[in-house]
Amino acid sequence: MSLITITEVRKSFGQNEVLKGINLDIEPGEVIAIIGKSGSGKSTLLRCVNGLETIDQGSIVVAGAQLAPDELHLRALRLKVGMIFQGFNLFPHLTAGRNVMLSPMVVKKVSAKEAEAEARVRLEQVGLGHKFDAYPDQLSGGQQQRVAIARALAMKPLALLCDEITSALDPELVNEVLAVVKALAEEGMTLLMVTHEMRFAREVCDRVVFMHQGRVHEIGPPEDVFAHPRTPELKQFLGVA
Amino acid sequence: MTAFSTWDIVSNLLLAARWTVLLSLLAFVGGGVVGLVVLYARIARRAWLRRAAGLYIELFQGTPLLMQLFLIFFGLPLLGLDVSPWAAAFVSLTLWSSAFLAEIWRGCVESIPKGQWEASSSLAMSFVEQLRYVILPQSMRIAVPPTVGFSVQVVKGTALTSIIGFVELSKAATIITNATFEPFTVYGFAALIYFALCWPLSKSSQILERKLNVAHHHH
C-alpha cells in the first residue's frame, strides 16, 4: 500500500493555477526526485504534502492522515512527514542540540533527558555529535542543513520532504549534505525531494518525476527518464534536445 | 503669608513624584499584560480576532489619552460604577499603553523570517507552541529597545491624570503654584523631575538597541 497518496490535486495562487491535477503514489521506502523548471509547481507540490500550502481540489493522504486545513489534521499529518528547507531555518536562539530536542519535548511531551539522548544520536547520525552546544550562526551552511535533517529525524517521521536542500549551499558543502541524504535512503527512509542535483537523482532515486506547467509530465526510473526522455520538454530541460 | 523655601517646593514635588512613578509602573505592567493578549489576537489565525484587535488598537491610538481618561472617569459612574481618580487613571493608562505595546510587538513578531514559522509548523507545533518556543523568544530580543522607549510615553502620560484630580507630580505642581505664586520655579522643578525619570529610560533604550544590534546573538 502507498505511504503517500496524492490524488487530482489542484492549487491556484489567484488566477494562476500552479498545480493542474497531480496524481502520485509513493511506496514506503521509495526515494523520489521531482525535477523541472522553476515555476513548474514542484516546490508547491512538496509544500502541499505537509500542509504549508492548502489545496483547492483533490486529496493528499499520508499513512492514513488526510490533509485538511484545521490544526488537528495538520498536526497528525506533520507527525508523519518531516520537511527540510532550502534556507535551513534552524532556530537561531537555540543550540544545535536544543533545535533537535525542542519539538519532541513540546509536541510529543518527551522528557528532557530522553530528548537529549535522542538528539545526541541524531546529531551523531549526521556527523555532528560534537556540535551539540554550537549555535546555528557558528556552523557552516552544510552543518546547519545537517542539523535541520537531525531535527526532522528526531520526530521519527515516516517520510521526509526535501525542498532544494542544497541550493543555498556553497558547492564544496553540497556533498556532505547529499551523503547524509543518501545514507537515509539506504536505510529505507521514504524521501520526496525537489532537487537540481541530477547526478544525485540518477544515483539515488527510485523514480524521477518531471513536472512541467503544473502537471506530472514524465515519470519513471532514472535510467529511463534521463537516458530516454520521451517529450520535447524534458529533452529541452535535460539539454539533450 | 508663609514664605516657601526652594526646599519646601522641591521636597513636596518629590513626594508627589512617588505617585507618578507608582502609576507609571502599574500602568506599564498592566499595559504589558493586556498588550500581550491584544498581540495574540492581532496575529491570531481567526480573521475576526485580528479585526477586533485591530479596531481596539485604532481606537486607543486614534483618540487622545485625555478623552479616554474622561470617558472612563465620567462614563463609568453613569453605568453605576463609582471610580476613584486612582482607578480611572490606572485603567485608562493600562488600556492606552496596551494598544501601543501590542502594535510595537506585532512589528517585532512580523520581523521574524517566515521560515521560522514554516520550520516549526513542519515539526507539528501548534500556533501557541510556535509563538511560545520559537517566535516570541526571538522577537523579545528585538522588542526590548522600543518597549523601554515607550515607557517614557507612559511616564509623561501620567501627567494628564492630574486633570481628573489624581495628585501626582503635575497636580502637586499646580497646587504648590497656587500657594506660592511662583509658577516658573515650581513647573521648572517639576519638569526637571520628569526629565530625571525619563532620560535614563530613553538613554537605556538607546544603549540596549546598540548592544542588541552588535551582539545580535546569545554568546
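Helices here are DSSP runs of H or I that are at least four residues long. Keep that in mind while you work through these exercises on a predicted model.

**Exercise 1. Find out what kind of secondary structure fills residues 86–105 of chain B, and how far apart the ends of the span are.**

Start with the record. An unreviewed UniProt entry marks residues 20–41, 53–74, 86–105, 142–164 and 184–202 of chain B as "transmembrane region". Now look at residues 86–105 of chain B: the span is 100% helix and 0% strand. Its end C-alpha atoms are 28 Å apart. Try residues 20–41 of chain B too, and you get 100% helix and 0% strand again, with 31 Å between the end C-alpha atoms.

Next, zoom out. The UniProt record (unreviewed entry) also lists "domain: ABC transmembrane type-1" for residues 17–205 of chain B. Over that stretch the chain is 83% helix and 0% strand, and the end C-alpha atoms lie 22 Å apart.

**Exercise 2. Work out which residues make the nonpolar surface patch, and which helix gives the largest share.**

Step one is to collect the members: B:Trp19, B:Leu22, B:Leu26, B:Phe90 and B:Val91 make a patch of about 370 Å². Step two is to place them: α1 (6–42) and α4 (85–110) of chain B are the elements that give two or more residues. The largest share, three residues, comes from α1(B).

Step three is to check one member. B:Leu26 sits in helix α1 of chain B. Partly exposed covers the range between under 20% (buried) and over 50% (exposed), so B:Leu26, at 38% relative accessibility, counts as partly exposed.

**Exercise 3. Trace the six-stranded sheet of chain A and say which strands lie at its edges.**

Read off the order to begin with: β6-β7-β8-β3-β9-β10 of chain A, in an open sheet with mixed pairing. The edges are β6 (81–84) and β10 (215–220) of chain A, since each pairs on one side only. On average, neighbouring strands are turned by 20° against each other, direction ignored.

Now walk through some of the pairs:

- β7 (residues 159–163) and β8 (residues 190–194) of chain A pair in the parallel sense over five bridges. Here A:Leu160 has A:Leu191 in β8(A) as its bridge partner.
- β3 (residues 31–35) of chain A and β9(A) run parallel, joined by four bridges. Look for A:Ile35 opposite A:Phe210 in β9(A).
- β9(A) and β10(A) run antiparallel, with five bridges between them. In this pair A:His212 stands opposite A:Arg215 in β10(A).

The last pair is also a hairpin: two residues lie between β9(A) and β10(A), and A:Gln213 in the turn has a positive phi of about 50°. As for cover, five of the six residues of β9 (residues 207–212) of chain A are buried.

**Exercise 4. Decide whether helix α1 (residues 42–49) of chain A is largely enclosed or open.**

Go along the helix and note the buried residues: A:Lys42, A:Thr44, A:Leu45, A:Leu46, A:Arg47, A:Cys48 and A:Val49. That is seven of the eight, so the helix is largely enclosed by the rest of the structure. Just past α1(A) comes A:Gly51, with a positive phi near 75°.

**Exercise 5. Compare three salt bridges by where their partners sit.**

There are 16 salt bridges over all chains. Take these three in turn.

First, A:Glu118 and A:Arg122, with the closest N and O atoms 2.7 Å apart. They are four residues apart in helix α4 (residues 112–125) of chain A, so about one helical turn separates them. Both residues are buried.

Second, B:Arg42 and B:Glu103, with a closest N and O distance of 3.8 Å. B:Arg42 is in helix α1 and B:Glu103 in helix α4 of chain B, so the pair ties together parts that are 61 residues apart in sequence. Both count as partly exposed: B:Arg42 has a relative accessible area of 21%, and B:Glu103 has 23%.

Third, B:Lys114 and B:Glu118, at 3.7 Å from N to O. They lie four residues apart in helix α5 (residues 114–122) of chain B, about one turn. Their settings contrast: B:Lys114 is exposed at 60% relative accessible area, while B:Glu118 is buried at 12%. To finish, follow the shared partners: salt bridges join A:Arg47, A:Glu53, B:Lys114 and B:Glu118 into one network.

Definitions and conventions. Residues numbered from 1 in each chain as written. Chains lettered and ligands numbered in written order. Predicted model: local features only at pLDDT ≥ 70, side-chain atom pairs only at ≥ 80, totals over all residues. Heavy atoms only, no water. UniProt positions renumbered as here; feature names shortened; annotations may be inferred. Buried < 20%, exposed > 50% of the residue type's maximum accessible area, 1.4 Å probe, protein only. Patch = residues over 30% accessible without salt bridge, like charges linked within 9 Å, V, L, I, M, F, W, Y side chains within 5 Å. Areas by Shrake-Rupley, 256 points an atom, 1.4 Å probe, with all protein chains shown as cover. Salt bridge = Lys/Arg side-chain N within 4 Å of Asp/Glu carboxyl O. Pairing = 2+ DSSP bridges. Axes fitted to C-alpha atoms, helices over the stretch in contact; angles between N-to-C directions.
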